[in-house]
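Q: I would like to learn how to read a few features of a protein model, beginning with the way two helices pack. Could you take me through them one at a time?

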Amino acid sequence: MSAVFDRLRQFARSPQGRRTIEQVRRTASDPRRRAQAQQLFGKLRARRAASGR
């Protein structure tokens, strides 16, 4: 499991990882995208509750 986190940490420090992180931050700050994400998480929570977990 530690190897997974090491690889994630390595990616986050790479130029491509930094670009990806910045893109995610910009997307997360967009109110329309944030509403879409909340809607998706709401659907996932409803499914999980319906399955009895």
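Q: How are α1 and α2 oriented to each other, roughly parallel or roughly perpendicular?
A: Two packed helices are described by the angle between their axes and by the distance between those axes. In this predicted model, the axes of α1 (residues 2–13) and α2 (residues 15–29) cross at roughly 85° and come within 4 Å. Angles of 65 to 115 degrees count as roughly perpendicular, and α1 and α2 are therefore roughly perpendicular to each other.

Q: Which residues of α1 and α2 meet?
A: From α1 the residues are Phe 11, Ala 12 and Arg 13, and they meet Pro 15, Gln 16, Gly 17, Arg 18, Thr 20 and Ile 21 of α2.

Q: How many salt bridges does the count come to, and which residue forms a salt bridge with Arg 9?
A: A salt bridge is read from the distance between a side-chain nitrogen of Lys or Arg and a carboxyl oxygen of Asp or Glu, which must be within 4 Å. By this rule the count comes to 1 salt bridge, formed by Arg 9 with Asp 6, whose closest N and O atoms are 3.1 Å apart. Both residues lie in helix α1, where their separation of 3 residues is about one turn of the helix.

Q: How is the accessibility of Arg 9 and Asp 6 classed?
A: Partly exposed is the class between under 20% and over 50% relative accessible area, so Arg 9 at 42% counts as partly exposed, and Asp 6 at 39% likewise counts as partly exposed.

Q: Which residues form a nonpolar patch on the surface?
A: The patch is formed by Met 1, Val 4, Phe 5 and Leu 8, which together have about 460 Å² of accessible area. Phe 5 lies in helix α1, and because its relative accessibility is 46%, Phe 5 counts as partly exposed.

Q: Where do Val 24 and Arg 47 lie, and how far in space are they from Gly 42 and Asp 30, respectively?
A: Separation in sequence and separation in space are best read side by side. Val 24 is found in helix α2 and counts as exposed at 51% relative accessibility; Val 24 and Gly 42 are 18 residues apart in sequence and 20 Å apart in space, C-alpha to C-alpha. Arg 47 lies in helix α3 (residues 31–50) and is exposed, with a relative accessible area of 64%, while Arg 47 and Asp 30 are 17 residues apart in sequence and 26 Å apart in space, C-alpha to C-alpha.

How values were computed: Residues numbered from 1 in each chain as written. Predicted model: local features only at pLDDT ≥ 70, side-chain atom pairs only at ≥ 80, totals over all residues. Heavy atoms only, no water. Patch = residues over 30% accessible without salt bridge, like charges linked within 9 Å, V, L, I, M, F, W, Y side chains within 5 Å. Areas by Shrake-Rupley, 256 points an atom, 1.4 Å probe, with all protein chains shown as cover. Helix = DSSP H or I, 4+ residues; strand = E, 2+ residues; numbered from the N terminus. Buried < 20%, exposed > 50% of the residue type's maximum accessible area, 1.4 Å probe, protein only. Axes fitted to C-alpha atoms, helices over the stretch in contact; angles between N-to-C directions. Parallel < 35°, antiparallel > 145°, perpendicular 65-115°, else oblique. Contact = heavy atoms within 4.5 Å.
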